[in-house]
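Hi everyone, thanks for making time this morning. I'd like to walk you through two places in our protein, so please have the structure open.

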Amino acid sequence: MKMKRYYMPTLREDPQEAEIISHKLLLRSGMIRKSAAGIYSYLPLGYRSIRKVENIVREEMDRMGGYEILMSALQPKEIWEESGRWQTFGPEMFKVKDRNEREFCLGPTAEEYFTTLISGEIKSYKQLPLNIYQIQTKYRDEKRPRFGINRAREFSMKDAYTFDVSPEMMMESYKEMWKAYEKVFNRLGLNYKIVAGDAGAMGGNSSHEFIALSDVGEGVICYCDESGYAATDEKAEVIYKVDESGDEKELELVYTPNCKTIEDVANFLKQDASKCIKAIDLIVAGEPIIVFVPGDRELNMTKLCAYLGIPEHEIEMMDEETIIKIGSSAGYTGPVNLKVRNILDKRVTLMKNTVVGGNKENHHYINCNFGRDFDGEIAEDLLMVQEGDVCPVSGHPLKFARGIEVGNIFQLGTKYSKALNATFLDENGVSQYFWMGSHGIGITRSITAIIEQNNDEKGIIWPIQVAPYHAIVTVVNINDEEQMKLGEKIHDELEAQGVEVMLDDRKERIGVKFNDRDLIGIPLRITVGKKANENIIEFSTRREMENVETTSEDAINKVVEEVRKIK
C-alpha cells in the first residue's frame with residue numbers, strides 16, 4: 001500500500017476532548033474521528049486493526065465449535081417484554097418507533113434475540129449442545145460517554161450464546177468458552193486477569209470477567225496471588241471482623257449538635273467510626289428503604305441491587321422531605337423505632353453498644369444493640385471492599401488494580417428460556433428448558449486496552465498481530481531515483497510474500513514521515529536513504545527503536561520471518 005494517496009489524517013497536537021492515552025493516540029493517528037458524543041467513525045488504519053481483532057476472535061470461536069451468524073441490531077419490543085427487561089433494562093436502552101408506532105430497540109445485548117431464534121428450531125436433545133455467535137454493533141445510551149471508544153454509545157462486540165441440555169453441560173460449555181477466551185486475549189498480547197464478576201442486568205448463576213490491566217480502567221479488581229482469588233470490587237466478598245465481646249449497656253439518647261456525618265459524630269463522642277452504624281436513606285422503586293452498614297465502611301450498591309433483585313437505576317437517594325415523613329431527620333437516621341423497611345449488613349447485627357442516629361435533629365443513640373433495640377432484614381454482605389481487606393480464601397491482604405473489561409462469560413441457566421418458553425424434548429420425550437450461557441468480547445474496547453498497554457511518548461506500539469500493517473518502508477527523499485527504486489522493490493517483494501506493508505512515498509519532510517511512523521505504530525520499519533545505491537537500508541522495530549544498517553535482502557528476510565510467526 002502506497003501512502004501518497006492514503007487516507008490517514010494525522011494530527012500534531014493532542015485533541016482537547018481526549019481524556020486518556022488511547023483516545024488521544026487513536027485521534028492523532030487518524031484512526032478514528034468523533035461523529036457525536038460516544039459515536040465514532042473508524043478510518044482505514046483503525047478499521048484494519050479492528051478487523052484483525054475480529055478475525056482472532058472468529059478463529060478461536062470457530063475452533064471451539066461456534067457457528068457465526070448475524071442478527072439485526074433492531075430488536076422488537078415484544079421479546080423484551082416477554083423477558084421482563086423492556087422496563088427494567090434502564091435508560092441505557094435506545095428505543096425507537098416505526099411509522100406504524102411499533103416499538104423496537106437498538107440492541108444493547110442479544111439474549112432475547114438468540115433465545116427466540118432457536119426456540120422452535122432446536123427441538124431435540126440430539127441437536128445439542130449448540131454454540132452460535134455474532135460480531136455486531138451494539139448500542140447503549142451511556143449517561144456519560146467517555147474515554148473514546150472505551151465507553152461509547154455505539155461499539156463492536158462479539159456475543160455468543162450456548163444452549164445445553166443440563167446445568168452440568170452448561171458448565172462444560174462455560175469452561176470451553178473460558179479456555180477460548182484465554183487463547184483470544186493471549187493472542188491479542190494483553191496483560192489481563194480473570195475475576196469473578198457480578199451478573200447484573202444479565203441475570204444468571206455465575207459470571208467471570210476478563211480484565212486488561214490499565215491505570216485508566218474504570219473497573220477495580222482485587223486479587224490474591226497466594227490463593228488465586230480474584231474478583232471485581234463490586235463482587236468481592238468482604239471479611240470484616242467485629243468485636244463481639246462485652247456486656248450490653250443501657251440505651252441512651254444524647255445531644256450531638258451539628259453532627260450529620262459519621263466523622264462528625266465519632267469526633268464529638270470520641271468514638272471510633274467502627275463503633276458507629278451508618279444509615280443510607282434510599283427510595284427503591286418508589287419505596288423508602290434504609291440500609292445500615294458499619295460506620296467505617298461504604299455500601300456496595302451492586303450487592304444491594306443483587307439482594308433486592310432490582311436494577312440500580314431504580315434506586316435514588318431519599319430527599320429531606322421524605323426523611324421527615326418516615327419519622328426521622330436528615331443526617332440523624334437510625335434504626336430505633338423507625339417504621340420503614342430496614343436492611344442490615346450482617347456485621348451490624350454483631351456490633352455491641354453502637355452509636356446510631358436518633359431520628360431526631362441533633363441527637364444520636366449510644367449503646368444501641370441489635371435484637372434489643374432494633375431489628376431488620378439481614379443481608380450477608382453489603383460492603384464495598386477496600387484497601388487493607390484480606391482474601392476470603394487465604395487471609396492474606398488483597399492486592400488492588402484497575403483495568404478495562406474486555407470480555408465476560410455468564411451462566412444464564414434457564415432465566416431466558418423460561419421467560420421466552422424456549423424448550424426441547426429430552427431423551428424421554430419430556431419438554432425441558434434450555435440451559436444457556438452468554439459470552440461477550442468487546443472488539444473496539446480491546447483496541448483501547450491494547451493501546452493503553454502498548455504506547456510511549458511518540459505514539460502507539462502495535463503488537464504485530466493486530467497492527468494495521470506489519471511493516472512500513474520509508475523513503476527519505478522521493479526525488480532520489482535510487483531511493484524510490486529500492487523502496488518500491490522492497491515494498492513489492494514484501495507484498496509478494498504476504499506481508500502487509502506501507503510505502504511512505506509522500507512528498508513530506510523526513511521529520512514528518514518519521515513522526516507519523518512512530519505515531520501510527522507500525523511494528524517493523526525499513527528506512528531507505530542515502531546508501532540506497534549500495535543496497536544498504538536501516539532496519540528497526542517500533543518497540544526497540546534501534547536502527548541497524550543491513551542489506552535490503554536481509555531486511556526483507558527479517559520482516560517475513562517475523563510475520564510468519566503470527567500466521
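Let's begin with helix H2, residues 44-63, which supplies six residues to the lining of the second largest pocket, the largest share of that lining. Do keep in mind that this is a predicted model.

So which residues line that pocket? They are Arg 48, Arg 51, Lys 52, Asn 55, Ile 56, Glu 59, Arg 187, Gln 465, His 470, Glu 500, Ile 566 and Lys 567. By character, seven of the lining residues are charged, three are polar and two are nonpolar. The space in this second largest pocket comes to about 300 Å³. As for domains, domain 1 (21-236 + 399-452) and domain 3 (469-566) each give at least three residues to the lining.

Now please turn to the sheet. Five strands make up an open sheet with mixed pairing, and their order is E16-E14-E15-E17-E20. At the edges sit E16 (315-317) and E20 (377-379), each pairing on one side only. From one strand to the next, the twist averages 35°.

Let's look at one pair in there. Strand E14, residues 277-284, runs antiparallel to E16, and three bridges join the two. If you want a spot to click on, find Leu 282, which has Met 317 of E16 opposite.

And what packs on this sheet? Helix H8, residues 301-308, does, touching E14, E15 (287-294), E16, E17 (341-345) and E20. The direction of H8 makes about 125° with that of E17.

That's my tour, thanks for listening!

Conventions: Residues numbered from 1 in each chain as written. Predicted model: local features only at pLDDT ≥ 70, side-chain atom pairs only at ≥ 80, totals over all residues. Heavy atoms only, no water. Pairing = 2+ DSSP bridges. Helix = DSSP H or I, 4+ residues; strand = E, 2+ residues; numbered from the N terminus. Axes fitted to C-alpha atoms, helices over the stretch in contact; angles between N-to-C directions. Contact = heavy atoms within 4.5 Å. 1 Å grid on protein atoms, 1.4 Å probe; cavity = no way out; pocket = protein on both sides within 12 Å on 5 of 7 lines; lining within 4 Å. Points joined across faces, edges and corners; volume = space filled by probe spheres on them. Nonpolar A, V, L, I, M, F, W, Y, C, P; charged D, E, K, R; others polar. Domains from an automatic or database assignment.
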